[in-house]
Amino acid sequence: LPVIALAIVGFIFFLIVVGSNQLVNPFLQQKFNISLSTAGLFTTIWGVGVVGGSALGGYTKNKFGNQKSTVTAVIIALLSITALAFTSNLLLAWVLVPLFGICYGTVQTVYYALSMEYTDPRIAATMFSILMSFTNIGQGVGLGLTGFLSDQVGFANTFIIMGLLNLIILPLLPLIFGRQAQKQKAG
């Protein structure tokens with residue numbers, strides 16, 4: 001059960017972060033009428049944020065453990081994605097886009113580390129690839145969902161919806177990290 005819950009969390013995490021990521025540049029281009037070269041600079045600072053988020057994800061997992069690092073990733077994702085909806089000027093975007101990059105890197109690092117830890121060493125490659133397939137399916141669903149939502153309710157409302165979707169992950173955490181889940185993992 002812990003591995004199934006982990007697969008579902010991976011599906012949701014990547015649905016959210018990849019789906020949201022595809023909207024950042026079109027949102028900024030529409031809202032602020034920026035050029036493609038400026039959009040490229042935003043992608044660059046997003047990438048710097050991803051590197052920082054990867055370091056943060058690794059640090060929180062090593063320092064605070066699996067559950068707290070996962071909760072941290074959920075909180076960062078909820079706040080950073082929702083904040084994108086309230087980007088009122090271009091100066092604020094220069095702060096929020098790398099913050100979203102930090103979210104992206106944190107989510108990826110924490111999830112990949114958990115996936116490696118929760119795989120059975122006897123069939124590690126197979127289990128890990130199955131867990132990664134859930135993230136890939138989540139990405140595909142997220143791309144379609146956020147495209148649809150942005151057409152229907154606009155970019156800002158889509159960012160709010162995607163940010164709030166992180167809350168769906170919280171009830172799954174006891175299935176992964178609860179006392180019974182820890183016993184199953186150990187034995």
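**Exercise 1. Is T119 buried or exposed?** Then describe its surroundings in this predicted model.

*Solution.*
- Step 1: Locate the residue. T119 sits in the loop between helix 4 and helix 5.
- Step 2: Look up its accessibility. The relative accessible area of T119 is 12%.
- Step 3: Compare this with the cut-off. Buried means under 20%, so T119 is buried.
- Step 4: Check for a polar partner. The T119 side chain reaches the backbone oxygen of M116 at 2.8 Å.
- Step 5: List the contacts beyond four places in sequence. T119 is in contact with A124, M127, F128 and L131.

**Exercise 2. How many helices and strands does the protein have?** Go on to describe its overall form.

*Solution.*
- Step 1: Count the elements. There are eight helices and zero strands, and reading along the sequence gives the pattern α-α-α-α-α-α-α-α.
- Step 2: Test how compact the protein is. A compact globule of 187 residues would have a radius of gyration near 16 Å. The protein has 17 Å, so the value agrees with that rule.
- Step 3: Look at the box around the C-alpha atoms. Along the principal axes, this box is roughly 55 × 35 × 25 Å.
- Step 4: Ask how much is hidden. Of the 187 residues, 45% count as buried.
- Step 5: See how far along the chain the contacts reach. Among contacts between residues at least 6 apart in sequence, 79% join residues at least 24 apart.

**Exercise 3. Which residues touch the most other members of the largest nonpolar core?** Work out where the core comes from as well.

*Solution.*
- Step 1: Name the residues. In this core of 49 residues, F13, I81 and F159 touch the most other members.
- Step 2: Find the contributing helices. Helices 1, 2, 3, 4, 5, 6 and 7 each supply at least two residues of the core.
- Step 3: Pick out the top contributor. Helix 1 gives the most, with 15 residues.
- Step 4: Zoom in on F159. Setting aside residues up to four places away in sequence, F159 touches S20, L23, V24, F27, I81, T82, L84 and A85.

**Exercise 4. What is the end-to-end distance between the C-alpha atoms of helix 1?** Compare it with the expected span, then follow the chain past the end of the helix.

*Solution.*
- Step 1: Work out the expectation. Helix 1 has 31 residues, and at 1.5 Å a residue it should span 45 Å.
- Step 2: Compare. The end C-alpha atoms are 44 Å apart, so the two values agree.
- Step 3: Look for a bend. Helix 1 has a kink of about 30 degrees at V24, shortly before the proline P26.
- Step 4: Move past the end. Helix 1 is followed by N33, which lies in the loop between helix 1 and helix 2.
- Step 5: Check the backbone angle. Most residues other than glycine have a negative phi. N33 is not glycine, yet its phi is positive, near 55 degrees.
- Step 6: Classify N33. Its relative accessible area is 69%, so N33 is exposed.

**Exercise 5. Which residue has a side-chain oxygen that reaches the backbone nitrogen of L91?** Then look at helix 4 and at Y104.

*Solution.*
- Step 1: Begin at the start of helix 4. There, a side-chain oxygen of N89 comes to within 3.1 Å of the backbone nitrogen of L91.
- Step 2: Check the helix length. The 28 residues of helix 4 reach 41 Å from first C-alpha to last, close to the expected 40 Å.
- Step 3: Place Y104. This residue is in helix 4, and its relative accessibility is 11%, so Y104 counts as buried.
- Step 4: Find its contacts. Outside its neighbours within four places in sequence, Y104 is in contact with V17, V18, N21, W46 and V50.

**Exercise 6. Where in the protein is N166?** Compare its accessibility with that of I168.

*Solution.*
- Step 1: Place both residues. N166 is in the loop between helix 6 and helix 7, and I168 is found in the loop between helix 6 and helix 7 too.
- Step 2: Read the accessibilities. N166 has 0% and counts as buried, whereas I168 has 43% and counts as partly exposed.
- Step 3: Look around N166. A polar atom of its side chain lies 2.9 Å from the backbone oxygen of G163. Apart from residues up to four places away in sequence, N166 touches F13, I16, V74, A77, L78 and I81.
- Step 4: Relate I168 to A77. These residues are 91 apart along the chain, and their C-alpha atoms are separated by 12 Å.

Key: Residues numbered from 1 in each chain as written. Predicted model: local features only at pLDDT ≥ 70, side-chain atom pairs only at ≥ 80, totals over all residues. Heavy atoms only, no water. Core = buried A, V, L, I, M, F, W, Y, C linked by side-chain atoms within 4.5 Å. Buried < 20%, exposed > 50% of the residue type's maximum accessible area, 1.4 Å probe, protein only. Helix = DSSP H or I, 4+ residues; strand = E, 2+ residues; numbered from the N terminus. Contact = heavy atoms within 4.5 Å. Polar contact = N/O pair within 3.5 Å; in protein donor to acceptor, adjacent residues only side chain to side chain. Expected span 1.5 Å × (residues − 1). Bend = angle between axes of the 7 residues up to and from the residue. Rg over C-alpha atoms; globule rule 2.2 N^0.38 Å.
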